[in-house]
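Here is a short briefing on the structure shown below. The points are grouped by topic.

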There are 2 protein chains.
Amino acid sequence: MAGPGSDRKEAILNTALTLFVTRGFYGTPTSLISKEAGVATGTLFFYFKTKEELIDTLYLRIKAEAAAAMRRGLDDEQDTQGRLRRLWVNAVEWGIKNPAKMQFMEQFAHSPFVSTTAHEEGLSRFSFLHEYVLQGIREGVIRNSDPSLLFCMMASTLASVIARVAEVDDPEVRRTIIEQGMDFVWNGLRAEGVPREKKSRRSTRETVIP
Amino acid sequence: MAGPGSDRKEAILNTALTLFVTRGFYGTPTSLISKEAGVATGTLFFYFKTKEELIDTLYLRIKAEAAAAMRRGLDDEQDTQGRLRRLWVNAVEWGIKNPAKMQFMEQFAHSPFVSTTAHEEGLSRFSFLHEYVLQGIREGVIRNSDPSLLFCMMASTLASVIARVAEVDDPEVRRTIIEQGMDFVWNGLRAEGVPREKKSRRSTRETVIP
DNA sequence: GTAATAATTGACTGACTAGTCAATTTATGG
DNA sequence: CCATAAATTGACTAGTCAGTCAATTATTAC
């Protein structure tokens, strides 16, 4: 346990994650973080000059990880609806597998504890989504609304779907919620004249992983 | 300023509102609240036994006020789409007029600082919305998905629309955002076969206020 | 093996905070 | 005017917390 090589920095970050989401920022003393992480108070401040620097680091890491997870396989999809579906499934799956990180993102997305620079850098990780929406509009598949508004509404819907899915255990119910959420968003986004739903729904995922 | 009759309780609640949204719960000392409200520390604890009781009271009041504002004139509307549009406009208008309260609701909607009983009571104020969604599904106008999921997605979309609208000053741009948000939700909610949009959009509001 | 450096420790400090309480002021009713 | 109750005050307490630092231990380079 002691001695370098056992990376204490990671232990501190992991402990801080769970504590911040369960007790909030001001609600978790640094002394508790270091105690739960199994290090001395001094060690925490050796790696992070302030408590704010700690949450900033955490924030940036999680945002980057989430963005990478959502992006996975997106370029393999041929059309906008396929990309959207892939993105949707990626996001929900990541959210379920990483409930604490998901909660953290929601909780601190607009929080004053995270510095503005960290907020900006975190947001920039998701700029590729913006590009996809723009492309969909250009193709005439997505309705011609303010792309950042569409993105924003999509993201908030996603968050509420993930929250609900996480409350449930039955995989069949989960799939239903995910599908219903997807339908809501797709119908909200799609331009007039674009088919309401693709028949080959479940096959979408099977076609991308041959 | 001194002497009863000048209601200090209201002053405390108002000050707490602005401080809580700008600095968070743990981030605002009770001493600061009382100072900004122009009362002594003891006065705050005379009206609210604990800091938690203060935020609970605030939470319940705001939830009740928001629910009442959203409900206004809803029963005068004849069809589901009309009700949805009315609800939408009510909500956005209230959100713009009361940005601090809006922010407060978002910030503390799932916060552990607010007691579970307050959360439950606050949620119950919005149960009428649940009824409206159910009615829409029964009529075949709203798609047959889990009503509470639909409600939840609608609410989160609403929150992000209000946040965006509040960032903008130009009333024309504001109206556009509100309309685009409404379209997103309506198309996400509506069942197959139901017309995409009502032509008489702006007239909707004029017909209810004769 | 040794010197220089990096990592780690935990007692300690100065500042702050929720809540108390005895004393004081203000309203109320006869 | 007076007595009783309600409202208000602010100094005070007991506890907490972010961050420091001198001392100690481990690592690295030669």
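In which helix of chain A does A:Glu36 lie? A:Glu36 belongs to helix α2, residues 30-37. The model is a predicted one. The points below start with the fold of chain A, go on to the pairing of chains A and B, and end with the two DNA strands.

**Fold of chain A**
- Chain A holds eleven helices and zero strands.
- Its order along the sequence reads α-α-α-α-α-α-α-α-α-α-α.
- Along the principal axes, the C-alpha atoms of chain A fill a box of roughly 60 × 35 × 30 Å.
- Chain A has 210 residues, and buried residues make up 51% of them.
- Take the contacts in chain A between residues at least 6 apart in sequence: 65% of these join residues at least 24 apart.

**Helix α10 of chain A**
- Helix α10 of chain A covers residues 171-189, which is 19 residues.
- From first C-alpha to last, α10 of chain A reaches 27 Å. That is close to the 27 Å expected at 1.5 Å a residue.
- A:Asp170 sits at the start of α10(A). One of its side-chain oxygens comes to within 3.2 Å of the backbone nitrogen of A:Glu172.

**A:Glu36 in α2**
- Is A:Glu36 buried or exposed? With a relative accessibility of 54%, A:Glu36 counts as exposed, because the cut-off for exposed is over 50%.
- Leaving aside residues up to four places away in sequence, A:Glu36 touches A:Thr15 and A:Leu19.
- A:Leu149 is 113 residues from A:Glu36 along the chain. Their C-alpha atoms are separated by 41 Å.

**How chains A and B pair**
- Chain B can be laid on chain A with an RMSD of 0.1 Å. The operation is a turn of 180° with a shift of 0.0 Å along the axis.
- The two copies are therefore related as by a two-fold rotation axis.
- Which residue of chain B comes closest to the rotation axis? B:Gly188 does, with its C-alpha at 2.2 Å.
- Of the interface residues of chain B, 97% are also interface residues in chain A, so the copies meet through the same surface.

**B:Gln180 and its contacts with chain A**
- B:Gln180 is found in helix α10 of chain B, residues 171-189.
- B:Gln180 has a relative accessible area of 14% and is buried, because buried means under 20%.
- Which residues does B:Gln180 touch, not counting those up to four places away in sequence? They are A:Asn144, A:Ser145, A:Asp146, A:Leu149 and A:Met153.

**DNA strand C**
- DNA strand C is surrounded by 18 residues. The closest are A:Arg8, A:Thr43, A:Tyr47, B:Thr30 and B:Lys51.
- Of the atoms of DNA strand C that come within 4 Å of the protein, sugar and phosphate account for 78%.
- A polar side-chain atom of A:Arg8 lies 3.1 Å from a phosphate oxygen of DNA strand C.
- For A:Ala40, a backbone N or O atom lies 3.0 Å from a phosphate oxygen of the strand.
- For A:Thr43, an N or O atom in the side chain is 2.6 Å from a phosphate oxygen of DNA strand C.
- The elements giving two or more residues to this surface are α3 of chain A, with α2 (30-37) and α3 of chain B.
- The largest share, five residues, comes from α3(A).
- The surface near DNA strand C divides into eight nonpolar, eight polar and two charged residues.

**DNA strand D**
- How many residues surround DNA strand D? There are 17, and the closest are A:Thr30, A:Lys51, B:Arg8, B:Thr43 and B:Tyr47.
- Sugar and phosphate make up 74% of the atoms of DNA strand D that come within 4 Å of the protein.
- A polar backbone atom of A:Thr30 is 2.6 Å from a phosphate oxygen of DNA strand D.
- B:Thr43 places a polar side-chain atom 2.7 Å from a phosphate oxygen of the strand.
- B:Gly42 has a polar backbone atom 3.5 Å from a base oxygen of DNA strand D.
- α3 (41-47) of chain A and α3 (41-47) of chain B each supply at least two residues of the surface near DNA strand D.
- α3(B) gives the most, with five residues.
- The surface near DNA strand D divides into eight nonpolar, seven polar and two charged residues.

Notes
Residues numbered from 1 in each chain as written. Chains lettered and ligands numbered in written order. Predicted model: local features only at pLDDT ≥ 70, side-chain atom pairs only at ≥ 80, totals over all residues. Heavy atoms only, no water. Least-squares fit on C-alpha atoms with pLDDT ≥ 70 in both. Contact = heavy atoms within 4.5 Å. Near = heavy atom within 4 Å. Polar contact = N/O pair within 3.5 Å; in protein donor to acceptor, adjacent residues only side chain to side chain. Helix = DSSP H or I, 4+ residues; strand = E, 2+ residues; numbered from the N terminus. Nonpolar A, V, L, I, M, F, W, Y, C, P; charged D, E, K, R; others polar. Expected span 1.5 Å × (residues − 1). Buried < 20%, exposed > 50% of the residue type's maximum accessible area, 1.4 Å probe, protein only.
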